[in-house]
Amino acid sequence: MSSVLRLPPFPKGWYSIGFSDELPPGSVTTHKLAGRELVVFRTESGELSAVDPICPHLGAHLGHGGSVTGETLRCPFHGFLFGTDGACVATSYGTKPPKVRARTWSILENHDTVFVWFDPKGEPPSFDIPPLDMRSYVPLTRAKYRFRGHPQDTTENSVDIGHLTVVHGYERPKMLGDLREEGAALHATYEFYRPIGLFGKGFGGVRAEFDAHVHGLGYSFVEARTPALGLEFRYFVFATPVDEMDLELRIAGAVRKLETCDLKGPLKPLGFSRHAARAVEPLVQERSFRVFQSDVEQDFKIWKYKEFVPRPALAIGDGPVMKYRRWAEQFYDELVTGKGSGVAEAAAGS
Ligand code: FES
Ligand SMILES: [Fe+2]
């Protein structure tokens, strides 16, 4: 049985539907999330709104021919206008608009990424994604993938210490401290050693520290440091369940602007020249993102074919997988309604 059948397919949470520059002012785009379609528009002043696609007037699809007029979305069929709150604010006949409202989805924008809230029962957001100041970082480099998968499986990677050596070739991975739960957030810190290559030179066994922050099952954020070089990075993995089978995975990463880093070791000379630091920054960004991207792509080979095992045969050396799964239960309503699920089995088996 596949993992998507064992775990309820659509846990509640914030899911990325795109990056900000893919949704410029005046744009109208159709997206799929949790098996439903939604239409996202950005008004001329820059406000974002996500609405159900079917016009409450006579049923046209707002994403096929709909357009932005000022601060409203214009339906392509009879030209009725809808505000960002979904309310019909005008007809094209000069008559009083009907008192209807297209259903809206909660939407937020953080570090140039757009997220939509999904809850199977249609409840409002029960947690936030904390805002993040990215001004000390270079612009995010990004990539997007689509494959068979479930957001709980991909996010479980954040606590799966065992695979870091086998899949990614990290050396001596170790968790520093316990997994910390804060409501819908989960934090873990770990270290490992790995050889890195920069400027055509190899630096063997460089120690890296990762602070992983997970907010719901769709949002993972890692702050990475290489203390011996003084470099800092931020990496993001956004897992979005498109339908019962497929996941869209967006990844993004950025190095901290070198002039704001306390560069050390072989990079120390760059700290004395703002000009030199700026000159090599794109190379560090390009190179480090490629390493991150290749790490994620190494995971694909496993994710694509893995099954969700409710009662895993864990061994000493594994990360806190069951603690993670118990934390993840809060994003499913099935447990509350007592219908039983793979998640319930997993909890019982720990
Ligand atoms: S169907 Fe949308 S305005 Fe008529
Ligand atoms: Fe991994």
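Biologist: Which residue forms a salt bridge with Asp-21, and how far apart are the closest N and O atoms?

Modeller: A salt bridge here is a side-chain nitrogen of Lys or Arg within 4 Å of a carboxyl oxygen of Asp or Glu. For Asp-21 the partner is Arg-142, with the closest N and O atoms 3.1 Å apart. Asp-21 lies in the loop between strand 1 and strand 2 (28-33) and Arg-142 in strand 12 (residues 141-148), so this pair ties together parts 121 residues apart in sequence. Strands are DSSP runs of E (at least two residues) and helices are runs of H or I (at least four), numbered from the N terminus.

Biologist: Before we go on, what kind of model is this?

Modeller: It's a predicted model: local features need pLDDT of at least 70 and side-chain atom pairs count only at pLDDT 80 or more, while totals for chains, interfaces and linings use all residues. Residues are numbered from 1 along each chain as its sequence is written, chains are lettered from A and ligands numbered from 1 in the order in which they are written, and side-chain values use heavy atoms, with hydrogens and water left out.

Biologist: Back to that first pair: is Asp-21 buried or exposed?

Modeller: Read it off the relative accessible area: buried is under 20%, exposed is over 50%, and partly exposed is in between (1.4 Å probe, protein chains only). Asp-21 comes out exposed at 54%, while Arg-142 is partly exposed at 32%.

Biologist: How many salt bridges does the rule give?

Modeller: The count comes to 24. One of them joins the side chains of Arg-146 and Asp-243, at 3.8 Å from N to O. Arg-146 sits in strand 12 and Asp-243 in the loop between strand 18 and strand 19, 97 residues apart. Arg-146 counts as partly exposed, at 47% relative accessibility. You'll also find a linked network made of Lys-174, Glu-191, Arg-207, Glu-209, Asp-211 and Arg-225.

Biologist: Strand 18 has come up already. How many of its residues are buried?

Modeller: Nine of its 11 residues (231-241) are, so the strand is largely enclosed by the rest of the structure. For its neighbours, look at pairing (two strands pair if DSSP finds at least two bridges between them). Strand 17 (residues 219-226) pairs with strand 18 in the antiparallel sense over eight bridges, and Ser-220 has Val-237 as its bridge partner. Their hairpin has four residues between the strands, and Gly-230 takes a positive phi near 80° there. On to strand 19 (residues 246-255): it runs antiparallel to strand 18, joined by nine bridges, with Thr-240 opposite Glu-248.

Biologist: Which side chains meet in a salt bridge between strand 17 and strand 18?

Modeller: Those of Glu-223 and Arg-234, at 3.8 Å from N to O. Glu-223 is in strand 17 and Arg-234 in strand 18, 11 residues apart. Arg-234 is buried at 11% relative accessible area, and Glu-223 is partly exposed at 24%.

Biologist: How do I read the aromatic pairs, and how many are there?

Modeller: Rings of Phe, Tyr and Trp (its six-membered ring) pair if their centres lie within 6.5 Å; planes under 30 degrees apart are stacked, over 60 edge-to-face, and the rest tilted. The structure holds 24 such pairs. Trp-14 and Trp-117 have ring centres 5.6 Å apart and planes at 65°, so they are edge-to-face. Trp-14 is in strand 1 (residues 13-19) and Trp-117 in strand 11 (residues 113-118), 103 residues apart. Both are buried. For contrast, Tyr-170 and Phe-192 have centres 3.8 Å apart and planes at 15°, so that pair is stacked. One aromatic cluster takes in Trp-14, Trp-117, Phe-127, Tyr-324, Trp-327 and Phe-331.

Biologist: Last one: which residues coordinate the iron ion (ligand 2)?

Modeller: Donors are N, O and S atoms within 2.8 Å of the metal (3.2 Å for Na, K and Ca), and water is not among the atoms, so sites may look incomplete. Here Asn-157 (ND2), His-163 (NE2), His-168 (NE2) and Asp-299, through two OD entries, coordinate the iron ion at 2.1 to 2.4 Å. The sequence spacing of these donor residues is N-x5-H-x4-H-x130-D. His-163 counts as buried at 11% relative accessibility, and His-168 is buried at 8%.
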